[in-house]
Amino acid sequence: MLSLHYMWWNKTHAFVFCSAGLDLAGIFLFAILTLMTLIAILVFVEEVVYIYRKIPSSKRSILIWINAAAPVIATTSCIGMWIPRSTMFTDFTAAVFFAIVIHKFLLMMVKECGGQKLFLRRFEKGRFKISTGPCCCCCLCLPRVRITRRTLLWLKLGTFQLAFFRPVLMFLSIVLWTNGNYKPYNLSPDGAAIWINCFVGILTIIALWPVGIMFRQVRTILNCKKIIPKFALYQFILILSQLQAAIINILAMQRIIPCVPPLSSSARGAYMIQQLLIVEMFLITLISRVVYRRRYDDLEPPEGTPEEGDDNKQTPKITLNGALSEGALPGV
């Protein structure tokens, strides 16, 4: 999650992509991966049309953001595959977009419980279990926190801070990079990359914590809405786009992935990340369509909430001629 994910090969080992240099197998591979990306985009567009037709307006934008995570990462990976010099910018774009998705996923769980008011009413006597990953999974002695409007606000701020600060830090990184002060492959304490990316890593861990807390609270009540498969897809995107990329970049930096001219180790590692992400995000896009496209029944309102059926049990209304209104009392 550190600058390993944004590693950029230096000028002496830079590789300028040239389509004429690809053999037949390479052209076929690039064509297949590009086709997968286009299919993922088309599936997402079709899903957006379905969401606008079938989903209430209060949930549309959140579901579109979450469903767009895999296609956006596949698209940025495809652009980076065809234009290697854009890898730094495409990786930054994918990272910023997924930071917003983390915040949207937390909001989606609250929305699926009926919104903030019904969520607080439903869990007014409950408590959040904060001894969960990735921050405090080993701190079992931590007390449970009451579910109030303030604690819910703190959870939202915990994810929102990443959606706000990550674009700012990415913009700062690009500005320093253009000036020659930011070199992602330079992990020495004197470089800016190690400090910026350590800070981004800390913010990311803090943002993942509220999502884990909320999921543990609502996973039982939202089981009918398949929240567990949805959370699993969210976790897969996180692991594949962050942890997998970091591992491959470590192998490339240690020269375990050998260089094959004209590709350096760093360039080969970047290509491996991009090609794997295209295939993985393509599969996740198809699975997400199945999971999110289903129409789930709304939850039963918490006790004490007036329902539509209660409106018919009110005092009978009197019409202008003094007669009881139709259907006011049963049997009358």
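Which residue, with a positive phi, follows helix 4? That would be glycine 114, with phi near 105°. This is a predicted model, where local features need pLDDT of at least 70, side-chain atom pairs count only at pLDDT 80 or more, and totals for chains, interfaces and linings use all residues. Numbering starts from 1 along each chain as its sequence is written, and side-chain values use heavy atoms, with hydrogens and water left out.

**Figure 1. The whole protein has 9 helices and 2 strands.** Both kinds of element are DSSP runs numbered from the N terminus: helices are H or I with at least four residues, strands are E with at least two. Starting at the N terminus, the order reads α-α-α-α-α-β-β-α-α-α-α. Of the 332 residues, 46% count as buried; here buried means under 20% relative accessible area, exposed means over 50%, and partly exposed is in between (1.4 Å probe, protein chains only). About 18,100 Å² of the protein is exposed, and carbon and sulfur atoms supply 65% of that. These areas come from the Shrake-Rupley method with a 1.4 Å probe, and for residues only the protein chains shown count as cover. Among contacts (heavy atoms within 4.5 Å) with a separation of 6 or more, 75% join residues 24 or more positions apart.

**Figure 2. Helix 1 covers residues 24-54.** Its end C-alpha atoms are 45 Å apart, which agrees with the 45 Å that 31 residues should span at 1.5 Å a residue. That expected span is 1.5 Å times one less than the number of residues. Look along the helix for its buried residues, among them Phe30, Leu33, Thr34, Thr37, Phe44, Val48 and Ile51. An α-helix has 3.6 residues a turn, so residues three or four places apart point the same way. What covers the buried residues of helix 1 includes helix 2 (57-67), helix 3 (69-82) and helix 9 (265-293). Tyrosine 50 is on the buried list too, and the charged end of arginine 293 sits over the tyrosine 50 ring, 4.1 Å from its centre. To count as sitting over a ring, NZ of Lys or CZ of Arg has to be within 6 Å of the ring centre and within 35 degrees of the ring normal.

**Figure 3. Helix 4 (residues 87-112) is the setting for valine 96.** Helix 4 is mostly covered, with 22 of its 26 residues buried. The 26 residues should span 38 Å at 1.5 Å a residue, and the end C-alpha atoms are 36 Å apart, which agrees. Zoom in on valine 96, which counts as buried at 18% relative accessibility. Leaving aside residues up to four places away in sequence, valine 96 touches Arg166, Pro167 and Met170. Proline 167 is 71 residues away along the chain, yet the C-alpha atoms of valine 96 and proline 167 are separated by 5.7 Å.

**Figure 4. Two phenylalanine pairs come from a search that finds 13 aromatic pairs in the whole structure.** Rings of Phe, Tyr and Trp (its six-membered ring) pair if their centres lie within 6.5 Å; planes under 30 degrees apart are stacked, over 60 edge-to-face, and the rest tilted. Phenylalanine 164 and phenylalanine 165 make an edge-to-face pair, 5.1 Å centre to centre with 80° between the planes. Phenylalanine 164 is partly exposed at 47% relative accessibility, and phenylalanine 165 is partly exposed at 36%. Now for phenylalanine 215 and phenylalanine 231: their ring centres are 3.9 Å apart and their planes at 5°, so this pair is stacked. Phenylalanine 215 belongs to helix 7 (residues 192-218) and phenylalanine 231 to helix 8 (residues 227-253), so the pair ties together parts that are 16 residues apart in sequence. Phenylalanine 215 is buried at 10% relative accessibility, and phenylalanine 231 is buried at 13%. Both belong to one aromatic cluster with Phe98, Phe105 and Tyr234.

**Figure 5. Glutamine 244 is in helix 8.** Is this glutamine 244 buried or exposed? It is buried, with a relative accessible area of 17%. Not counting residues up to four places away in sequence, glutamine 244 touches Ile239, Leu276, Leu277 and Glu280.

**Figure 6. The cysteine view goes with a count of 0 disulfides.** The rule asks for a pair of cysteine sulfur atoms within 2.5 Å. For cysteine 224, the closest cysteine sulfur is in cysteine 113, 9.4 Å away and too far for a bond. Cysteine 224 is partly exposed at 45% relative accessibility, and cysteine 198 is partly exposed at 28%.
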